[in-house]
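The following questions and answers go through a structure step by step. Please keep the sequence and the coordinates at hand while reading.

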Amino acid sequence: MKSKILGLMAAAAVFGLFSIVARAGTANVLYGDKDCFGIPAQGGSPCAVGLDFGNDLGGAFFVDYRTGGDPAVTDYWDAGSKSFTINFALPAGLTSATLDLFHAGAGTAGPGSMLINGVSFGSFGGGNNRTTLTSYDILAVITGSTLVSINLSSTDGWALDYAEIRMGTVPEPGTLALLGLGLAGLGLSRRRKA
Ligand SMILES: [Ca+2]
Ligand SMILES: [Ca+2]
């Protein structure tokens, strides 16, 4: 009987751990769309990192590829600084928060500065016309109204396909409470049967 109870407890523990892993949340907020800068030749599909905007993708510089609900600062190869605010419901219990920017250009005149909610995140750009994914750890500064300010001192051209905030959250408290109750119950039943 004892080994049977121990087996049950082990199974419950494994199930409990699995529940915690399964319930640890993620949430993504997409600003703009992943359609390779809206370049018509790409047919609305996402594109890979490291491709030349003009030669590989068929994009044209200083052309507005925005459609429908595209935010003003995306899918438009233009010059200089871009600033935008991502508004969303901030989840409770954040364990990680990353801002991804998928962009091309802003290279010939040197890097500019990057501010997120007024805090400096170093430089931006300095690359070339190739598609680039740049990620920032923004856990320390994230709010439900996250302001991204990319400041270029020159009139160098560049385009932003999309921005995305990816977040991780702790397990729901309800899951932990249920696991605790379950283990306590098993402990009691084991004591009674012993
Ligand atoms: Ca678009
Ligand atoms: Ca886009």
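Q: How many bridges join β5 to β8, and which residue of β8 is the bridge partner of Ile116?
A: In this predicted model, β5 and β8 run antiparallel and are joined by 4 bridges. Strand β8 covers residues 145-151, and β5 covers residues 112-116. Within the pairing of β5 with β8, there are 4 bridges, and the β8 partner of Ile116 is Val148.

Q: On which face of β8, covered or uncovered, does Val148 lie?
A: The uncovered face of β8 is made up of Ser145, Leu147, Ser149 and Asn151. Thr146, Val148 and Ile150 form the other face. Val148, the bridge partner of Ile116, therefore lies on the face that is covered.

Q: Which residue of β8 is the bridge partner of Ile86?
A: Strand β3, residues 82-87, pairs with β8 in the antiparallel sense over 6 bridges. The β8 partner of Ile86 belongs to the covered face of β8. That partner is Thr146.

Q: Which residue of β6 is the bridge partner of Ile116?
A: Strand β6, residues 119-124, runs antiparallel to β5, and 4 bridges join the two. Ile116 has a bridge partner in β8, Val148. Its partner in β6 is Val119.

Q: Which residue takes a positive phi in the hairpin of β5 and β6?
A: There are 2 residues between the strands of this hairpin. One residue in the loop between β5 and β6 has a phi of about 50° although it is not a glycine. That residue is Asn117.

Q: Is Asn117 buried, partly exposed or exposed?
A: A residue needs 20 or more C-beta neighbours within 10 Å to be buried, and 12 or fewer to be exposed. Asn117 has 16 such neighbours inside 10 Å. The count lies between the two cut-offs, so Asn117 is partly exposed.

Q: Is Cys36 buried or exposed?
A: Cys36 is in the loop between β1 (26-32) and β2 (78-79). Although not a glycine, Cys36 has a positive phi of about 55°. Because 27 C-beta neighbours lie inside 10 Å and the cut-off is 20, Cys36 counts as buried.

Q: Which strand supplies the largest share of the largest nonpolar core?
A: This core has 31 residues, of which Leu99, Ala159 and Ala163 touch the most other members. At least two residues each come from β4 (94-105), β5, β8 and β9 (157-169). The largest share is 7 residues, and it comes from β9.

Q: Which residues does Leu99 touch, leaving out those up to four places away in sequence?
A: Leu99 is among the three residues that touch the most other members of the core. Ala163, another of those three, is one of its contacts. The full list is Ile116, Ser135, Tyr136, Ile138, Ala163 and Ile165.

Q: What share of the contacts with a separation of 6 or more falls to residues 24 or more positions apart?
A: The chain has 2 helices and 9 strands, in the order α-β-β-β-β-β-β-β-β-β-α. Of its 194 residues, 25% count as buried. Residues 24 or more positions apart account for a share of 75%.

Q: Which element has the lowest mean pLDDT?
A: The chain mean is 84, and 73% of the residues reach 70 or more. Where pLDDT is low, predicted coordinates should not be read in detail. Among the elements, β1 has the highest mean, 97, and the lowest, 53, belongs to helix α1.

Methods: Residues numbered from 1 in each chain as written. Chains lettered and ligands numbered in written order. Predicted model: local features only at pLDDT ≥ 70, side-chain atom pairs only at ≥ 80, totals over all residues. Pairing = 2+ DSSP bridges. pLDDT = per-residue confidence, 0-100. Contact = placed C-beta atoms within 7 Å. Core = buried A, V, L, I, M, F, W, Y, C linked by C-beta atoms within 7 Å.
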